[in-house]
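Please look through the sequence and the coordinates before reading on. The paragraphs below then lead through the model step by step.

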Amino acid sequence: MKHVLILLGVALLSLTTGCLGFLWPKNQVPPLDDGTRVDKRIETERELYPGSHIRVAVSVLGEPVFPEEIKEISAQYEIMMPLLGVVSCQGLKLRALEEKLAKDYATYFRDPTVSVYYVTKELADGTSPFGSVLVTGEVNKPGHVSIPSTRDLTLLRAIQLAGGTTRIANTRKVQLTRGLEDGKKAQYRIDMLKIGEEGADHLNVTLKAGDVIFVPESWM
């Protein structure tokens with residue numbers, strides 16, 4: 001009798017997996033329609049930061065109440081959510097944000113379930129889920145430069161990816177503007193020539209999402 005029960009259990013499991021295809025690894029979902037993949041194991045211990053992209057899903061009893069959306073965390077550490085409006089993510093990790101949203105949505109729904117994931121692949125529009133910086137002024141290809149997953153984009157590398165400086169660029173007075181946590185902005189002037197001529201590597205700063213680099217003309 002015991003052997004019969006085991007065989008029946010194996011047959012039922014085979015039938016179930018045959019209908020589902022196969023089981024996805026824990027905490028991971030299949031590729032999404034827009035070509036992105038989300039994985040909760042990525043940086044679950046890291047606080048959310050401006051410029052990063054997360055996918056947020058809200059459901060009740062297994063049924064979605066809002067369409068899943070990719071949210072970009074603003075320079076003020078905020079996202080916009082249906083019904084709730086502006087939600088602050090400052091100082092939160094993925095799990096803490098899930099709990100906060102679930103508590104807020106409990107005002108509108110009974111026992112809501114919220115899932116938050118980092119988007120870990122390049123988005124459908126070609127942007128980086130880790131944000132970008134803006135390079136302007138006397139560069140050959142001004143515009144946004146995506147931050148790689150390693151988040152080690154430096155000042156020189158960003159300017160290089162923007163096509164390098166023009167012949168009339170003043171590389172001794174490059175300006176870096178960075179948003180601060182209190183909503184204010186800080187500006188720094190960097191002498192790029194010192195990086196090469198004097199080995200001042202500390203001036204080749206690592207950039208953050210939302211940074212703006214301005215390369216002025218030589219007569220400015």
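**A mixed sheet and what surrounds it**

In this predicted model, 5 strands come together in an open sheet, arranged in the order E8-E7-E11-E9-E10, and their pairing is mixed. Strand E8 (143–146) and E10 are the edge strands, each of them pairing on one side only. Direction ignored, neighbouring strands of this sheet are turned against each other by 25° on average.

At one edge of the sheet, strand E7 (residues 132–137) and E8 run antiparallel and are joined by 4 bridges. The two strands E7 and E8 make up a hairpin, with 5 residues between them, and one pairing that can be picked out in the viewer is that of Val133 with its bridge partner Val145 in E8. At the other edge, strand E9 (residues 174–179) is likewise antiparallel to E10, the two being joined by 6 bridges, and here Thr177 has Gln187 in E10 as its bridge partner. When following the residues along such strands, it helps to recall that the side chains of a regular strand alternate between the two faces of the sheet.

The chain can be followed onward from E10 to Asp191, a residue that lies in the loop between strand E10 (185–190) and helix H4 (192–197). Is Asp191 buried or exposed? Its relative accessibility is 13%, and because buried means under 20%, Asp191 counts as buried. The side chain of Asp191 is joined to that of Arg172 by a polar contact of 2.8 Å. Once the neighbours within four places in sequence are left aside, the residues in contact with Asp191 are Thr171, Arg172 and Leu203, so that Arg172 appears both in this set and as the partner in the polar contact.

Another part of the model is best approached through its aromatic rings. A search of the whole structure finds 3 aromatic pairs. One of them is formed by Phe66 and Tyr105, whose rings are tilted, with 5.6 Å from centre to centre and 45° between the planes. This pair links distant parts of the chain, 39 residues apart, as Phe66 sits in the loop between strand E2 (63–64) and strand E3 (69–72), whereas Tyr105 belongs to helix H2 (residues 94–105). Both Phe66 and Tyr105 are buried. Phe66 also forms an aromatic pair with Phe109, this time edge-to-face, at 6.0 Å centre to centre and with 75° between the planes. Because Phe66 lies in the loop between E2 and E3 and Phe109 in the loop between H2 and strand E6 (112–118), the pair ties together parts that are 43 residues apart in sequence. Phe66 has a relative accessibility of 17% and so counts as buried, while Phe109, with a relative accessible area of 23%, is partly exposed. Taken together, the ring pairs link Phe66, Tyr105 and Phe109 into a cluster.

How far should such details be trusted along the chain? The mean pLDDT of the protein chain is 76, and 74% of its residues reach 70 or more. Among the elements of the chain, strand E11 (residues 212–215) has the highest mean pLDDT, 95, and helix H1 (residues 2–20) the lowest, 40. Over residues 1–44 the pLDDT stays under 50, although the model has 56 contacts beyond four places in sequence for this stretch. Where pLDDT is low, the predicted coordinates should not be read in detail.

Terms used:
Residues numbered from 1 in each chain as written. Predicted model: local features only at pLDDT ≥ 70, side-chain atom pairs only at ≥ 80, totals over all residues. Heavy atoms only, no water. Buried < 20%, exposed > 50% of the residue type's maximum accessible area, 1.4 Å probe, protein only. Polar contact = N/O pair within 3.5 Å; in protein donor to acceptor, adjacent residues only side chain to side chain. Contact = heavy atoms within 4.5 Å. pLDDT = per-residue confidence, 0-100. Phe/Tyr/Trp six-rings, centres within 6.5 Å; stacked < 30°, edge-to-face > 60°. Pairing = 2+ DSSP bridges. Axes fitted to C-alpha atoms, helices over the stretch in contact; angles between N-to-C directions.
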